[in-house]
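Got the model open in your viewer? Keep the selection box handy, and we'll go from stop to stop.

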Amino acid sequence: MQTPHIVIVGGGQAGATAAAELRRREFAGQITLVGEEPHLPYERPPLSKDALLDPDNVQLNLHPASFYSEQNISLKLGIRAEAIDAQQGCITLSNGETLRYDSLLLATGAQARRLPELDALGSVSHVLRTLDDAHRIRAQLKPGSHVLVVGAGVIGLELASSLVALGATVELIDPASRIMSRNAPEVLSQYLQSVHEARGVRFHLGARVHNARLNDQQRVVLTLDNGEQLQGELLIYGVGVSIDTRLADSARLHTEQGAIVIDEHGRSSQPNIYAAGDTTVQIGLDGRWQRQETWENANRQASMAVCHMLNQEHAKPCPAWFWTDQCDLNIQFAGDMAAAHWVLRGTLDMPPFVLIGLDPEGAICGAITVNQGRDMRPLKELIEHRAVLPLEVWNDTAQNLRHLAKQITQTTRSQATNAALTDEAAAPAHP
């Protein structure tokens with residue numbers, strides 16, 4: 001009998017997590033992980049932080065090289081997967097090799113969305129998506145450098161924080177009217193902007209880059225659509241991501257919004273082909289397509305796919321969660337950031353504090369902790385149970401969130417037990 005073979009394409013968070021999870025769940029067959037980058041699988045969140053601030057001491061690898069040999073996981077790094085033959089169950093690699101698979105996991109992630117007019121500036125223009133990107137930025141950065149950052153999302157703000165800490169001057173440009181507009185409520189956007197401004201960052205919001213060029217001194221010159229002109233030694237831009245679907249297209253996988261469609265088990269539209277991480281899209285509880293570009297989602301979907309491959313139960317989904325570190329603040333997000341109303345626990349100008357997001361019926365649907373990460377677990381539990389509590393309870397920092405979550409969980413379990421007993425009692429007796 002032929003040994004079963006699982007091939008994983010993608011050497012990032014989801015791919016490495018899946019490989020480790022297969023062995024943890026006692027899969028004894030072959031595992032091959034194919035990664036386009038030459039590096040061992042590494043974590044991306046530190047790229048905008050410790051990889052710039054302390055490149056000589058940062059530890060990025062998800063596992064040491066010895067882990068893969070000890071776990072009998074075959075690595076094929078610096079190699080691109082070119083095409084999938086779903087009917088034959090095999091995948092062709094850029095080195096000419098063909099791998100047969102019994103199950104295939106696509107965890108190819110996403111790439112930084114490119115702006116040709118900014119790339120045309122040459123070596124002074126950067127994106128930040130890979131370890132090599134971080135190395136190039138760090139090599140050009142000098143104390144006192146004037147850096148222009150285009151994009152005021154999580155990456156742009158983390159970059160601004162790190163660059164200022166390294167002695168650079170930063171100007172940040174974004175067409176939106178507020179920072180982190182896609183994934184933070186207005187109250188947090190305003191707070192974070194004031195924190196960055198206090199550290200010297202200049203914001204140009206509601207403005208687009210109209211023209212980009214190098215002057216005679218090889219400095220970057222950006223002309224904004226409001227006529228303002230900015231100059232700097234370096235330009236870094238982060239304006240979202242794109243997904244390369246050529247591999248998925250070769251297998252005729254169903255895609256939506258440029259991503260691979262998966263079901264609740266991580267399965268694609270083709271038998272034995274799964275996908276996980278940034279490259280995927282799913283139907284959410286609200287019936288709309290959802291794609292999450294988070295560390296937590298990559299881990300969750302990788303584990304979910306592995307469990308289904310092995311015919312094992314996977315953990316129940318939890319509220320979406322992600323975090324950012326900037327300006328000496330650890331900010332964690334859970335649930336729905338489009339909540340109808342936000343309640344403050346604490347004081348904005350004196351972290352730590354917590355923001356509670358409520359839906360129109362008054363149930364908690366989202367939460368944000370600022371330097372208060374210990375509260376995130378009970379907040380997730382409260383979100384999961386859609387807890388409804390008086391505003392004065394949410395506001396009161398003396399109320400212990402762990403105790404509140406425990407009470408809500410016990411009440412929910414009691415109600416479920418009573419409902420089950422009632423149903424059992426109401427069931428007709430068999431003759």
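Select Asn311 to begin: you'll find this residue in the loop between helix 9 and strand 23 (321-326). Helices here are DSSP runs of H or I with at least four residues, strands are runs of E with at least two, and both are numbered from the N terminus. Look at the backbone, since Asn311 has a positive phi of about 60° although it is not a glycine. Asn311 is exposed, at 73% relative accessibility. The scale works like this: buried is under 20% relative accessible area, exposed is over 50%, and partly exposed is in between, with a 1.4 Å probe and protein chains only.

Two things to know before you click on. This is a predicted model, in which local features need pLDDT of at least 70 and side-chain atom pairs count only at pLDDT 80 or more, while totals for chains, interfaces and linings use all residues. Residues are numbered from 1 along each chain as its sequence is written, and side-chain values use heavy atoms, with hydrogens and water left out.

Now jump to Cys327, in the loop between strand 23 and strand 24 (329-335). Cys327 also isn't a glycine, yet has a positive phi of about 55°. Is Cys327 buried or exposed? Buried, at 9% relative accessibility.

While you're on cysteines, select Cys307 and Cys318. How many disulfides does the structure hold? Zero, taking a disulfide as a pair of cysteine sulfur atoms within 2.5 Å. As a reminder, a disulfide is a covalent bond between the sulfur atoms of two cysteines. Why doesn't Cys307 have a bond? Because its closest cysteine sulfur, in Cys318, is 13 Å away, which is too far. Turn it round and the closest cysteine sulfur to Cys318 is the one in Cys307, again at 13 Å and too far for a bond. Check the surroundings too: Cys307 is buried at 0% relative accessibility, whereas Cys318 is partly exposed, with a relative accessible area of 45%.

Next, show helix 1 (residues 13-24) together with helix 9 (residues 295-309). Two packed helices are described by the angle between their axes and the distance between the axes. For this pair the angle is about 40° and the axes are 8 Å apart; axes are lines fitted to C-alpha atoms, for helices over the stretch in contact, and angles run from 0 to 180 degrees between N-to-C directions. That makes helix 1 oblique to helix 9, since under 35 degrees counts as roughly parallel, over 145 as roughly antiparallel, 65 to 115 as roughly perpendicular and the rest as oblique.

Turn on side chains at that packing site. From helix 1 come Gln13, Ala14, Thr17, Ala18, Glu21 and Leu22, and they meet Trp295, Ala298, Asn299, Ala302, Ser303 and Val306 of helix 9. Contact means heavy atoms within 4.5 Å. By class, the contact of helix 1 with helix 9 has seven nonpolar, four polar and one charged residues. In that scheme Ala, Val, Leu, Ile, Met, Phe, Trp, Tyr, Cys and Pro are nonpolar, Asp, Glu, Lys and Arg are charged, and the others, Gly among them, are polar.

Now go to Pro352 in strand 26 (residues 350-358). The peptide bond to look at runs from Pro351 to Pro352: it is cis, with omega near 10°. From Pro352, pick up Gln372, which is in contact with Pro352, Phe353 and Val354, leaving aside neighbours within four places in sequence. Gln372 sits in the loop between strand 27 (364-370) and helix 10 (376-384), and is buried, with a relative accessible area of 14%.

For another buried stop, select Ile137 in helix 5 (residues 131-140); its relative accessible area is 0%. What does Ile137 contact, leaving aside neighbours within four places in sequence? Leu52, His126, Val127, Leu128 and Ile236. Val124 is 13 residues away along the chain, and its C-alpha is 8.7 Å from that of Ile137.

Then click His254, in the loop between helix 8 (246-250) and strand 18 (255-256). His254 is partly exposed, at 35% relative accessibility. Not counting residues up to four places away in sequence, His254 touches Ala259, Ile260, Val261 and Ser269.

Last stop: Ala176, in the loop between strand 11 (169-174) and helix 7 (186-198). Leaving aside neighbours within four places in sequence, Ala176 is in contact with Ser181, Leu205 and Gly206.
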